[in-house]
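Biologist: Please take one part of this model and look at it closely, beginning with a single buried position and then setting it in the context of the chain around it.

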Amino acid sequence: MAVLRVKFTKGQRDKLAQMLWLLNWVSVMTGIILFSLGLFVKVEFSKKEELMADRDFQPVLNLLIAVGLIACIINLLGGKICYDCVDTNKFLRWKLLILPYIICSFFFTGCMLVGALMCYSMQEELQESLAEGLRDVMRYYKDTDSPGRCFLKHTMDLLQIQFQCCGNRDHRDWFHIQWISNRYLDMSKREVVDRLHSNVEGKYLLDSVPFSCCNTNSPRPCIQYQITNNSAHFNYDYLTEDLNLWKRGCHQALVEYYTKLMHSTGSTGLLIWLFELSILTGVRYLQTAMENVLRQGDPESESDGWLLENSLKTRIVYHLQKCAFITSEAGEE
């Protein structure tokens, strides 16, 4: 017994074909949107790749780009097929290709669903990658003379200014890192030498932060040195001063930004997947209805369309019986 059988008149078949032709063109546009969105996210990840540890997010983004591009091609072909289905004679050109087209499109929509769902599963890996990456970039912040690291200071400063953040978790992360190069330390000063010797690892640590941590909304000049020393500044209280530095850590800022970006992309992918699935369902109904018209031999007659010619249970029983028959035949030989 056919699953979800629907009866179509000649007029209804023509309207279905015309509607599917239009929807396929709309789907070409959604494919372009998905392709563009995947490309945009890929570029955004590439901009901050030095802030991420060795984790490759490119496969997911490449999948979205490929799916968007393939969607354009598949739906262009689908539009042509549906357009020709208005005429029974033209349908004969596609009769042997429609079922393989539907099967391939079904697997393609499965890839689209996987890509959309993977956008939601990246958050934990993204958090770990950014935490490690930011820690490394901050550690190498001072190495402006080292090949391969000289650009990291600029990268970190630009990040803190653009995202209005400071440090990895917060501004106090800078207190535990020597972010000033020894090249700019005056070793003739006893205070500098004593501070270097007081640290087990020989690091020059201060309760200070780079200039890029300064909050531009602060009504007073930025205090970036001796931050915890209230007596070093007039009318200043470290515990209650909220506007002096950016309070949010860059890890939180980046995770929020990329999570929002990936969730938006995933949601768009899911909506496009549902849209593609509905078109594929319509194409299946159109295919079966047109094939039944050919069997009847009257282009003007009514015809039945369905999703599956037999129920899943019937198909399973049929294949089990077929396997049992083949096994028994092999045993007799």
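Modeller: The answer below starts with one residue and its helix, and then widens to another helix and the whole chain.

The model is predicted, so local features need pLDDT of at least 70 and side-chain atom pairs count only at pLDDT 80 or more, whereas totals for chains, interfaces and linings use all residues. Residues are numbered from 1 along each chain as its sequence is written, and side-chain values use heavy atoms, with hydrogens and water left out.

Ala 116 lies in helix α3, which covers residues 88–120; helices (H or I, at least four residues) and strands (E, at least two) are DSSP runs numbered from the N terminus. Ala 116 is buried, with a relative accessible area of 0%, where buried means under 20%, exposed over 50% and partly exposed in between, using a 1.4 Å probe and protein chains only. Leaving aside residues up to four places away in sequence, Ala 116 touches Leu 64, Gly 266, Gly 269 and Leu 270, a contact meaning heavy atoms within 4.5 Å. By contrast, Val 209, 93 residues from Ala 116 along the chain, has its C-alpha atom 40 Å from that of Ala 116.

The UniProt record, an unreviewed entry, places the feature "transmembrane region" at residues 20–40, 60–78 and 98–120; its positions are given in the numbering used here, feature names are shortened, and annotations may be inferred rather than shown by experiment. In the model, residues 98–120 are 100% helix and 0% strand, with end C-alpha atoms 34 Å apart, while residues 20–40 are likewise 100% helix and 0% strand, with ends 30 Å apart.

Another helix, α5 (residues 152–162), has Leu 152, Thr 155, Met 156, Asp 157, Leu 159 and Gln 160 buried. An α-helix has 3.6 residues a turn, so residues three or four places apart point the same way. The buried residues of α5 pack against α4 (123–139) and α7 (250–296), and after α5 comes Gln 164, whose phi is positive, near 50°.

For the chain as a whole, there are eight helices and two strands, arranged in sequence as β-α-α-α-α-α-α-α-β-α. Of its 333 residues, 42% count as buried, and residues 24 or more positions apart account for 74% of the contacts with a separation of 6 or more. The C-alpha trace spans about 100 × 55 × 35 Å along its principal axes.
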